[in-house]
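Reader: Could you take me through a model of a protein chain and show how its features are to be read? I would like to begin with a single residue and then widen the view.

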Amino acid sequence: MSVALASATTPETTRYEPLRVMVVDDSVVIRGLISRWIEAEPDMVVAASLRTGLDAVNQLERVKPDVALLDIEMPELDGISALPQLLAKQRNLVVIMASTLTRRNAEISFKALSLGAADYIPKPESTRETSAAEIFRHDLLQKVRTLGARVRRKAQPGAAPVAAPAVARAPAPVHHAAAAAPIVKRSFGLTVPRVLVIGSSTGGPQALMTLVSDLGPVIDRVPVLITQHMPPTFTTILAEHLARASNRPAREAVDGEPVRAGRIYLAPGGRHMRVVKNGAGMDIALDDGPAVNFCKPAVDPLFISAIDVWQSAVLAVILTGMGSDGMRGGKEIVAAGGSVIAQDEASSVVWGMPGAAANAGICAAVLPLNQIASKVARVFAGERS
C-alpha cells in the first residue's frame, strides 16, 4: 500500500528562504520526477534541472544551489569527475550522489564520499513500482532537507534551525541546536563488556572506517557487530573497506554463522541482523521482516538481541546518522546494565541518532569521533569513568 509522504504540517514562516536544489541527471524522466517532488515541498525549490556534470559545473555560480543531486553516469562529464570541480567552486555545497545498485556504482559512491560528497542515494531500477518510488522519494527529501539545513546552520552561527515540516513516514531528525538543556550522562556499567555493537547511518561509512582503524586490540578480544543503514551491494563493499581499514576479518554476516572474537560482522543491506544463543555459543540470525524505524537493516534489533546473549556485558556505540534508530535499543542496553557511547554533534555529519541517544540521557560518554576508539579500548580494559 502506498504511504503518503506529503508534509503533515507546514510552518507559516521560516528564518530562511527555501533550500535551492540543483538536479543533475541525464534521464529526463528522473529529472522531471525529482523536480516535481522537490517543488511540492514548501521548504525547497528546484534551482536548476541539468543533463550533464559539465552543465552543473558551468552553471553553478549562476544557480547558487544549497544542495546538488548528482547522477554518477552522465555524458560529457560524469558525476565523480564533476564532484571535485563543483566543490572547488562552492566549498559548502551539499552534494548527494545518486546511482543504481550496481557494484561499480557502489564503488564510485564510496569514492565520492572520500572526495567530499555528503551522502549518496540509490535509485530504484524502475520508478514505475509504487513502493520503490515512494521509498526513493522519502529518502531523497529527507536527505536534502536534513543535510541542507545543517549547512545553513553552520553558515549562520547562533541562528535558529530551519523550521522543517514534519514528514509523515518518518520522525523528524533530532537537531542538537533545538535542545537547550545540557546533556546528562550516566556512569558506565559495572560489567566488563564482552561484545561491541555499533549503529550508524548518514556519514557512517567514513566514521566507521576511522573508528575500526584504531580498534584492532579490541577486535582481537571480542566480536564487533555493526548495523549501517545501507542497501545491498553497498554493504558488501563497505565490509571490504572495513577489513582493509581494521586489518581484521570483516564481512557481511551470514545467517546461522557462529559469532567469534576477532571478527567484524556487518548487517547485509535489506536484512535485519540479530544475535541468538546456540548452546554455549551464539549465532547470527538474519531476517527479512518489516522495516524498523523506517530502516532495514535497523540498529535497534541488533542492540536488543545483544542483551539476550551477553546481558550486562554489552557496549554500544551510536555514530552519525539521521533519525533516532538505536536510541530504544540503547535504553534497553543501559537498563540491562550495559553502556552506550555516542558521537558528538561537531564531528557528526548528522546528529540525529547519536543526538537522540545523548538527549535521552542514556550515554556514559559523548565524544568526538577521533576519541571514541581510545575510550572503547579503555572501557574494555576495565575503566568505568
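Author: Let us start with I198, keeping in mind that this is a predicted model. A residue counts as buried when its relative accessible area is under 20%, and I198 is buried because its value is 0%. The residue is found in strand 6, which covers residues 195-200.

Reader: Which residues is I198 in contact with, once its neighbours within four places in sequence are left aside?

Author: Contact here means heavy atoms within 4.5 Å. On that reading, I198 is in contact with L208, L211, V224, L225, I226, T227, L302, F303, V317 and L319. Take L225 from that list: it lies 27 residues from I198 in sequence, while the C-alpha atoms of the two are 6.3 Å apart in space.

Reader: How is the share of such sequence-distant contacts to be read for the whole chain, and what part of the chain is buried?

Author: Among contacts in the chain with a separation of 6 or more, 76% join residues 24 or more positions apart. Buried residues make up 55% of the 385 residues, and the accessible surface comes to about 15,600 Å², with 52% of that area belonging to carbon and sulfur atoms.

Reader: Which residues have the most contacts inside the largest nonpolar core?

Author: A nonpolar core is a set of buried residues of certain kinds, joined through side-chain atoms within 4.5 Å. The largest one here has 63 residues, and M22 and V376 have the most contacts inside it. Helix 12, residues 369-380, gives this core its largest share, six residues. A second, separate core has 34 residues, including I284, I307, V314 and A316. As for M22, its contacts beyond four places in sequence include A48, L50, V67, A68 and L69.

Reader: In what order do the strands of the open sheet lie, and is the pairing parallel or antiparallel?

Author: The chain has twelve helices and 14 strands, and five strands form this open sheet in the order 2-1-3-4-5, with parallel pairing. Strand 2 (44-50) and strand 5 (119-123) are the edges, each pairing on one side only. Neighbouring strands are turned by 25° against each other on average, direction ignored. Within the sheet, four bridges join strand 1 (residues 19-24) to strand 3 (residues 67-71), and V23 stands opposite L69 in strand 3.

Reader: Which helix packs on the sheet, and which strands does this helix touch?

Author: Helix 4, residues 103-115, packs there, touching strand 4 (94-100) and strand 5, and the direction of helix 4 makes about 170° with that of strand 4.

Terms used
Residues are numbered from 1 along each chain as its sequence is written. This is a predicted model: local features need pLDDT of at least 70, side-chain atom pairs count only at pLDDT 80 or more; totals for chains, interfaces and linings use all residues. Side-chain values use heavy atoms; hydrogens and water are left out. Two strands pair if DSSP finds at least two bridges between them. Helices (H or I, at least four residues) and strands (E, at least two) are DSSP runs, numbered from the N terminus. Axes are lines fitted to C-alpha atoms, for helices over the stretch in contact, and angles run from 0 to 180 degrees between N-to-C directions. Buried means under 20% relative accessible area, exposed over 50%, partly exposed in between (1.4 Å probe, protein chains only). Accessible areas come from the Shrake-Rupley method with a 1.4 Å probe; for residues, only the protein chains shown count as cover.
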